[in-house]
Amino acid sequence: SRAKDVTMPAKLPVNFFSTRSPVIDLFRGQLDYADQLRQNSEIVLYFFYAPWCGQSIAAREEIEHVASRLSDQVLFVAVNCWWNQGKCRKQKHFFYFPVIHLYHQSFGPIEYKGPMSAVYIEKFVRRVMTPLLYISSRSKLLDFLSNYEPGVVGFFEFNASPQPPGYLTFFTSALHSLKKDYLGTIRFGVVTDKRVAEEISLVHSGSVYLHRHANTSLIYPKDIMNFTAENICKWALENREMLIRWLRPHGGKSLLLNNELKKGPALLIFIPYNPLAEIHPLLDEITKVALEYHKCNKSQAAEPDLQHVGDSDSPAFDSSVTDAHLRLSETFPIAKYPCCNTVVLPQWHSISRTHNVCELCVNQTLGVKPNKVHVPHCNFLEIEAALDSFYLQEHTFFQVISNTIECSNFLSFYSPFSYYTACCRTVNRHFLSFISSEKTIFQTPKVAFSSHGKKDNTQFSIPHIEDRNCFIPDLNISSTNITGLSCRTNKTLNLYLLDSNLFWIYAERLGASRSTHLKEFAAIVDLKEEVHYVLDQNQSLVGPTLENFIKNFSVLYSPLKRHLVDDPSVHFHEENVVTEVTTNTFHETVFLSAKNVLLLYYAQWCGFCASLNHIFIQLARLLPPDSFIVARIDVTRNDLPWEFMTDRLPTILFFPHQRKEQSVKFPEDFSVDLPNLLKFILHHSSLSSSEPCTKECLHKEAVLQQGHISHLEREIQKLRSEISALHQAHDQLEAQLSEARREEQRLQQQKHTLEKQHKTLQLHSEQLQATYDQKNQELLEMAEKLQELADASENLLKENALLRILVASRGGKLQSKDEIKEPLQSEQTLPEDNDISLSTATAASEEKRIDNTDTIETGHSSGNRTE
Amino acid sequence: GAAMQRFLGPLLCLWALRLPAGTGTAARGLDVASYRERVRAMFYHAYEHYLESAFPYDELRPLTCDGQDTWGSFSLTLIDALDTLLILGNVSEFQRVVNVLQEGVDFDIDVNASVFETNIRVVGGLLSAHLLSRKAGVEVEAGWPCSGPLLRMAEEAARKLLPAFQTPTGMPYGTVNLLHGVNPGETPVTCTAGIGTFIVEFATLSHLTGDPVFEDVARKALKTLWKNRSDIGLVGNHIDVITAKWVAQDAGIGAGVDSYFEYLVKGAILLQDKELMSMFLEYNKAIKNYTKFDDWYLWVQMYKGTVSMPVFQSLEAYWPGLQSLIGDVDNAMRTFLNYYTVWKQFGGLPEFYNIPQGYTVDKREGYPLRPELIESAMYLYRATRDPTLLELGRDAVESIEKISKVDCGFATIKDLRDHRLDNRMESFFLAETIKYLYLLFDPDNFIHNDGSDFDVVVTPYGECVLNAGGYIFNTEAHPIDPAALHCCRKRKEEQWEVEDLMREFYSRKKTKKFTFNRAPDHSEGENAKDPEDASSQKAGEKSNSKKSSHSLLSCPSQSFNSKLAVLGQVFLDNT
């Protein structure tokens, strides 16, 4: 049909931006006109879109927002690059939309590849507008260089000529860098004042300087490389320092995190970031920690000045922390521990398996001016507070036998500005064995260290403060100092920043609480060890906490605990027959409950798990709830301690009551169905009655039998409903049956009538057969008669011929006689007449035969048709 | 191997360059609820116009506003859209349509129908509607789910297909006349998917009705295909069902083969069948070895493994979803992200996409609003909750509305290069595309039930737990409740066994050592019939059990780095 071939061309393009928008919308893809427009403006932003594209639609709003803020300086042109009649589609070939191109006069296109968010776009446009920052004074220079992101400074003297040689190249290289480095991490500045340039030892106009914090800064080697825009840009990119890096995944398929995290353990810091903001106090604080961490070579020329600039810039205490700390450690290494105490650990204490003596120091330097530290005596209350929080943290020590000293830093629970250090060591194994064998009083470990300790009077296994004035010089372990730590530890961290406005989802994946409104989070991810640590979210993310986090990670026996992500969306429902377990409820449900526990490890996405749901529900309904828990845990959303992890799903574990540590696994090669699960549980549950019966046992028995009774009652209930269902089905079948019977009867009747009809038809057919036979007979007879007639006529013909011959012979005789007898002529004519009549008769008979065969033929063909 | 390397050298480089840098994610999250409502509106726009202008024909012709019969003459769009109505929550319309179908659809018609399409659309649609009808408030009869009018209709339709399976190999013909059976002179060439896409519907039918014939023919066809795989473990595209000779020898995961692999996995899950799963895993190995390049799947010669077509087909986009069902989420996501770039280029997936050229293939530029990529997005979203997947949903809604919406419905895109439209709206648009889109935007839909909700139904065979989630979608997106398969004939025996065990439990006696019931192993009987194949299969099983100590019917746990594998980030294997 013709409708099949009906097609319809695509709809004509319409406005994508509103007509009142500051963005010029070339929705017919007029690329030529777009190029014309470019001549009128210094800075142009092209937004190439496809009207059907979701990402273009989402970005439209952002572009409009930027345009409304910058429309007086930048021309915004949107071009429909999809419509196939438009010039744009014909000339450009994009694999995705939208594409944003920027032009600075004739320089371009610079493609923007950053996040499709108005602030980021605006920031980038502004960078294109002013790729070079003018550095007018010494303080501005220091400001510029103190930034954690790499800075390139060019020195050009404008006194000599209006356009010093090389300046244009330098300017272009700044623009060029935006093409490569679309996040704009390398900043370009220009110095025109000779005196300012001297600060960074630039003497000649036209020299370019790359500032580095941890390594020596560089000057562009003009004599080796040509002074071109590309080269400068390349040189800066290759030699820049990456002390702390922003991670901004673009959303497409990418190996960014894979590549970065495979380099080693990484500290990911999530902070909300507005690229347009003038100041970023939190970011400054974090980058300062990063600078310290990477500062391996302390003989940096520019460093003290820069530090100074940083200090004077920041109004509050925040920035002075690391600084003060650093100086302190340099000048008075001992004074770091102005208030220390030796703590002797009781034997029952878990740390005591590895260490029996700890040195606890309270440090109040944080946030306070250094000179206040040298308070000669310690506040006893502070020490006790530190001790308390130390014991709260004790579980964080790994149980490793070691002779080394380990130090860990903890923020005090009581004061955000003080932290304490705990250094623990093992003192004399003989001593330990002596204690355990003789069970004598726990004594001060004089042998090893802390000779300042006086004898402990309490003498018992209560954690106690041993000495309030002791500090041990050799405890000044370098690992407690962040400065240059990255070079001293064998667990070097790479530091990364993520904008939590854009990438908070990664923080959530790592266990950031969803309820927090403050989107700040820090985690150390170790891909190789498949483990991550999270900075306590109850602490605010500030420099000192971050420092401690790094320090604690770096020590040999790290007190950090593997973070287990927990599914917060699960709430405990009493009515659920299958108990949902999470990371947080795992221990309580499985180990603390006085019941047998069957635990299913599952994941929602795993097809093999989901199809078992009904079996576990049936099982849970079957088992007596007062002695059994059927539980499950979604291991995609809930991390578990290593020993409870599983590598296949589903996995079914049974934790028998009273022998919880002896869990058994449901054998994998058996099909998971109700009878098998029951057998498995029965086999392993501790319901055996071998022990002699006491009163309690009797009670138990009674409870059990009560359970049995209620189970049976439930069964009866079930059977009853089953019976009623059967009745219903029976009725239904009955109805169907009677209907079928009626149908059968009807069919029977139909059959009868059909049979009758058949019989009459048979009769009729017999009659017809008879008539047919009769007719046939008649026809045969007719044929025979005709044959006879034919034979007769043939005889007649023969006779005729004979007669002719006879006549002829007679004629001959007569002729001869004629001459003799004339009067005999009349006699001769008579037999001639007779001859003629005879011949007509044979002709007629012949004609009749032909007619006959004709009728037979037509009769046959008509018979055919009736068939 | 060398030839492939040469061929793929430039290809890989091209793709490395073409990654869509800059398509960053919007800072704000997607408004899921508003997109859900837009999908609902799309459904009704198409559905109401079908009822108005096309019913009782099979399909709507959206440009001419009329209807036509395409795959038979059974109001196909209505049957196909039935369960979508329930997923959208429209109970009353569901009930009305059930009545309309019972009255109006007749399979005693002299029509040549595709065995494959009739099975997946009609049998599958009726089965799922039957199983969902109680949830939809339809008054069900006492024997439900083991009996019911829709089940009888499904059974009737399936019986019409059985004559096609009467071949020497057990592999079915492609076409059958619903009245007269296989036409004399019917071509014996059937595509692989047309042979191996029955087990989900037919096994369900057999379990519900108690007649094993359906499951038996489906299994036999699957086994014949398995026996005829090439030495390197691949299957071709078309096979002669009489002689078992491969007619088209292109091996891949797309058109002509796709749902065969899909049904091996889904059959294994639905029936807890190790044999089906081991078949799939073997194929999966061969597919990875020979057809996978840079997370794309190409077409190769089934005997040699050489690349025959470097194209991506729209139909292949189901693969990531299938991978996520068996726990291969990382690979699934990587392939999905490749496919997504093609969508971003055109606003749809062309039937064929030439990977090295980065463009459509001649005569294969259409996009008939297929569901496969959205289907994968739905499965993957379940597994990862990655917002990128919602973004695909957003893009699909925007594209389909902008490009293919016309006054009378949604029209097939004839050519993705210029978005010219065709006068057709396939029934899978309402059955699948809309359904998966809606489910992507509706995480609380009953279909996503993780087992926290369930129904208890009393049948003459005992008590059943139903609707506990884990629905298996057939290849036309008709959900089957796996619990229903345990509800009918076999249930009684199991119940007695359970009852015995419970008695033992309460009497606190452990009399005998327990013997577990082995997983059903259907290979035993078949092996005896075919000694040659039996030996090879047993050898295969042995090596299997040696290599992997774990059960075949399980997924691997997700790796640590999967925590961070969102927003386009992928991780390479540590090996």
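**Notebook: a surface patch, a helix and some backbone angles**

I began with A:Leu803, which counts as partly exposed because its relative accessibility is 40%, a value that falls between the limits of 20% for buried and 50% for exposed. I note at the outset that the model is predicted.

**Entry 1. The patch in chain A.** I located A:Leu803 in helix 22 of chain A, which covers residues 695-818. I then looked up its partners on the surface. A:Leu803 forms a nonpolar patch there with A:Leu806 and A:Val807, and the accessible area of the three together is about 230 Å². I recorded a general point beside this: an α-helix has 3.6 residues a turn, so residues three or four places apart point the same way.

**Entry 2. Helix 11 of chain B.** I turned to residues 274-291 of chain B, which make up helix 11. I asked what span its 18 residues should have at 1.5 Å a residue. The expected span is 26 Å, and I found the end C-alpha atoms 25 Å apart, so the two values agree.

I next examined the N-terminal end of helix 11. B:Asp273 caps this end, with a side-chain oxygen placed 2.9 Å from the backbone nitrogen of B:Glu275. B:Glu275 is also listed among the buried residues of the helix. Others that I noted as buried in helix 11 include B:Lys274, B:Leu276, B:Met277, B:Phe280, B:Tyr283, B:Ile287 and B:Thr291.

**Entry 3. Cis peptide bonds.** I searched both chains for bonds of this kind. In chain A, the bond from A:Gly108 to A:Pro109 is cis, and its omega is near -5 degrees. I placed A:Pro109 in strand 6, residues 107-112 of chain A. In chain B, I found a cis bond from B:Trp144 to B:Pro145, with omega near 5 degrees. B:Pro145 sits in a loop, with helix 5 (115-132) on one side and helix 6 (149-161) on the other.

**Entry 4. Positive phi values.** I recorded the background first: most residues other than glycine have a negative phi, and most peptide bonds are trans. Where in chain B does B:Cys65 lie? I found B:Cys65 in the loop that joins strand 1 (59-61) to strand 2 (66-68). Its phi is positive, near 55 degrees. B:Cys65 counts as partly exposed because its relative accessibility is 34%.

I made the corresponding notes for B:Asp294, whose phi is positive and near 55 degrees. B:Asp294 belongs to the loop between strand 9 (292-293) and strand 10 (296-297) of chain B. With a relative accessible area of 39%, B:Asp294 is partly exposed.

Conventions. Residues are numbered from 1 along each chain as its sequence is written. Chains are lettered from A and ligands numbered from 1 in the order in which they are written. This is a predicted model: local features need pLDDT of at least 70, side-chain atom pairs count only at pLDDT 80 or more; totals for chains, interfaces and linings use all residues. Side-chain values use heavy atoms; hydrogens and water are left out. Helices (H or I, at least four residues) and strands (E, at least two) are DSSP runs, numbered from the N terminus. The expected span of a helix is 1.5 Å times one less than its number of residues. Buried means under 20% relative accessible area, exposed over 50%, partly exposed in between (1.4 Å probe, protein chains only). A polar contact is a pair of N or O atoms within 3.5 Å; within protein, one must be able to donate a hydrogen and the other to accept it, and residues adjacent in sequence count only if both atoms are side-chain atoms. Patches are made of residues with over 30% relative accessible area and no salt bridge: like charges are joined within 9 Å, nonpolar side chains (Val, Leu, Ile, Met, Phe, Trp, Tyr) within 5 Å. Accessible areas come from the Shrake-Rupley method with a 1.4 Å probe; for residues, only the protein chains shown count as cover. A salt bridge is a side-chain nitrogen of Lys or Arg within 4 Å of a carboxyl oxygen of Asp or Glu.
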